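Q: Please take a close look at one part of this model, the cluster of aromatic rings, and set it in the context of the chain around it.

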Amino acid sequence: MPDATETDFELVKYERDREHELALNEFTHNLEVEQLKLLILLNGGAAAALLTFAEHSGSTVRWLMLPVVIWLIGLSTGAWATLKMREAQSGFGKFYRHRRNATEVRRLIGRRKLPLDISDKELKDLARYAPEEPAPGATPATQDAALLHDRLADLVFDRARKAAAGIDPLSYVSLGAFVAGALTAAAVIAFVPPHEAARSPTANASAPAR
């Protein structure tokens, strides 16, 4: 039988490790959010600044549309990555909720009657993606609630993992679009003349003949 002091130490160590893990997860999440915000601001701000301060002559505006389009692509992919992050975080939150509910059902079975904290949409999703589970039309009293929560936890975790896998590629595309747009804008400014080289017919007509 394990010593009580050793058991208490292990419990306290588990709690401290868990607190440290949660702090690291929160820090990582905040860092990812700020990174996506930065990518969206860089692409959107660059496009707005270029259109605002560039000389709006006919020869340059056509070429300046190239970096603007590239930056808009970067803005769109950054926004898409943000939606993916929201989907992933929502899925991971549901995963922990279903795991907690499954544990509560198993520990409190026979002591307290717990409501089935599963929405109709979740039951339909479970029936669609895991047809071997109890049918959604069955009464909650006849279902293994803990098993349902376990299966839903696996389902939402798989969805969240797939959503999270798309965040980094979209972020890289957004960052690459910002760099490509900046290089394109620099090339346009450096090599495309700001004004039309040829004089207008009015200017030629008003010039004195020699």
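A: What follows describes the ring cluster, then the helices that carry it, and lastly a polar residue elsewhere in the chain.

The model is a predicted one. A search of the whole structure finds three aromatic pairs. In the pair formed by F95 and Y96, the ring centres are 5.2 Å apart and the planes meet at 65 degrees, and because an angle over 60 degrees counts as edge-to-face, this pair is given that description. F95 itself is buried, with a relative accessible area of 14%, whereas Y96, at 47%, is partly exposed. F95 also pairs with F157, and here the geometry is tilted, with 4.9 Å from centre to centre and 45 degrees between the planes. Since F95 belongs to helix α2 (residues 58-108) and F157 to helix α4, this pair ties together parts of the chain that are 62 residues apart in sequence. F157 is partly exposed, its relative accessible area being 34%. Taken together, the ring pairs link F92, F95, Y96 and F157 into a cluster.

Helix α4, which contributes F157, covers residues 145-165, and its 21 residues should span 30 Å at 1.5 Å a residue; the C-alpha atoms at its ends are 30 Å apart, which agrees with that expectation. Its buried residues include L152, A153, L155, V156 and A160. As background to reading such a list, an α-helix has 3.6 residues a turn, so residues three or four places apart point the same way.

The wider chain has six helices and zero strands, and of its 210 residues 26% count as buried. Among contacts with a separation of 6 or more, 83% are between residues 24 or more positions apart. The accessible surface comes to about 14700 Å², and carbon and sulfur atoms account for 63% of that area.

For a polar counterpart to the ring cluster, consider N43, which lies in helix α1 (residues 4-53). N43 is buried, with a relative accessible area of 0%, and its side chain reaches the backbone nitrogen of F178 at 3.4 Å. Once neighbours within four places in sequence are set aside, N43 is in contact with W71, G74 and L75, and also with S174, A177 and F178. The surroundings of N43 thus combine a relative accessible area of 0% with a side-chain approach to the backbone of F178, while the ring cluster joins F95, which is buried, to Y96 and F157, which are partly exposed.

Key. Residues are numbered from 1 along each chain as its sequence is written. This is a predicted model: local features need pLDDT of at least 70, side-chain atom pairs count only at pLDDT 80 or more; totals for chains, interfaces and linings use all residues. Side-chain values use heavy atoms; hydrogens and water are left out. Helices (H or I, at least four residues) and strands (E, at least two) are DSSP runs, numbered from the N terminus. The expected span of a helix is 1.5 Å times one less than its number of residues. Buried means under 20% relative accessible area, exposed over 50%, partly exposed in between (1.4 Å probe, protein chains only). A polar contact is a pair of N or O atoms within 3.5 Å; within protein, one must be able to donate a hydrogen and the other to accept it, and residues adjacent in sequence count only if both atoms are side-chain atoms. Contact means heavy atoms within 4.5 Å. Rings of Phe, Tyr and Trp (its six-membered ring) pair if their centres lie within 6.5 Å; planes under 30 degrees apart count as stacked, over 60 as edge-to-face and the rest as tilted. Accessible areas come from the Shrake-Rupley method with a 1.4 Å probe; for residues, only the protein chains shown count as cover.
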